[in-house]
Amino acid sequence: MLRRIVSVILVVWALGFVWFAIALPRPLEDGESAAVVVPTGGAGRIDRGLDVLEQGLAPRLFVSGVDREVRPVEFAVEYEVPVATMACCVTLGFDSVDTRSNAREIARWLAVNKIGSVRLVTSDWHMRRAAWELRHVASGNLIVLEDAIPTRPSLRTLFLEYHKLLARRVTALFGA
């Protein structure tokens with residue numbers, strides 16, 4: 001009996017990993033939201049967030065997890081953001097260091113600004129956990145549009161991220 005249970009668990013785990021690795025989230029073609037949020041940490045994320053802002057698909061941009069040493073003027077120079085755009089439309093968050101704290105920082109910003117729909121921009125391999133964390137900590141009816149940056153993740157990256165997602169969901173079941 002124990003063998004069968006273990007076998008079923010292993011098959012479900014393996015099928016879940018195959019699905020996770022093959023069916024990575026895709027870029028969002030269209031869809032407007034009240035804001036675009038970008039957790040730092042991967043190539044192309046901030047550029048995509050700024051593109052969304054520039055295209056008028058969201059009127060505000062929040063970048064979570066910015067290094068505390070970075071000043072807004074340095075950010076503006078690095079990403080060629082006009083001063084007027086920085087002043088009206090771009091907010092930098094300095095309080096997070098990982099996916100969970102990114103979600104909490106983003107959720108606080110959304111609540112303070114009374115924003116109910118958001119476009120989340122992150123890497124394709126990271127999207128499922130980042131979106132889950134955000135939905136988990138945000139207030140009730142938040143609409144999250146997932147806008148994944150296509151990458152070429154290694155098998156190791158996929159393996160680690162799959163297990164982080166599984167671990168996080170299991171710990172959430174026990175109130176952590």
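Start with the whole protein chain in view: 42% of its 176 residues count as buried. Keep in mind as you look around that this is a predicted model.

Now switch to a cartoon and colour by secondary structure. You should find seven helices and five strands in the protein chain. Trace them along the sequence and the order reads α-β-α-β-α-α-β-α-β-α-β-α. Turn on the C-alpha atoms next; along the principal axes they fill a box of roughly 65 × 35 × 35 Å. If you display contacts with a separation of 6 or more, 80% of them link residues 24 or more positions apart.

Try a surface view. The accessible surface of the protein chain is about 10300 Å², and carbon and sulfur atoms contribute 60% of that. Then colour the charged side chains: there are 21 positive and 19 negative ones, with the centres of the two sets 12 Å apart.

Time to zoom in. Select strand E2, residues 61-64, and stop at Ser64. Is Ser64 buried or exposed? Its relative accessible area is 0%, so Ser64 counts as buried.

With Ser64 still selected, show what surrounds it. Leaving out residues up to four places away in sequence, Ser64 touches Val38, Pro39 and Thr40, along with Gly93, Ser96, Asn102, Glu105 and Ile106. Pick out Asn102 from that group: the side chains of Ser64 and Asn102 are joined by a polar contact of 2.7 Å.

For a last stop, draw a distance from Ser64 to Thr151. These two residues are 87 apart along the chain, and their C-alpha atoms are separated by 20 Å.

Notes: Residues numbered from 1 in each chain as written. Predicted model: local features only at pLDDT ≥ 70, side-chain atom pairs only at ≥ 80, totals over all residues. Heavy atoms only, no water. Helix = DSSP H or I, 4+ residues; strand = E, 2+ residues; numbered from the N terminus. Buried < 20%, exposed > 50% of the residue type's maximum accessible area, 1.4 Å probe, protein only. Contact = heavy atoms within 4.5 Å. Areas by Shrake-Rupley, 256 points an atom, 1.4 Å probe, with all protein chains shown as cover. Lys, Arg positive; Asp, Glu negative; His and termini not counted. Charge placed at Lys NZ, Arg CZ, Asp CG, Glu CD. Polar contact = N/O pair within 3.5 Å; in protein donor to acceptor, adjacent residues only side chain to side chain.
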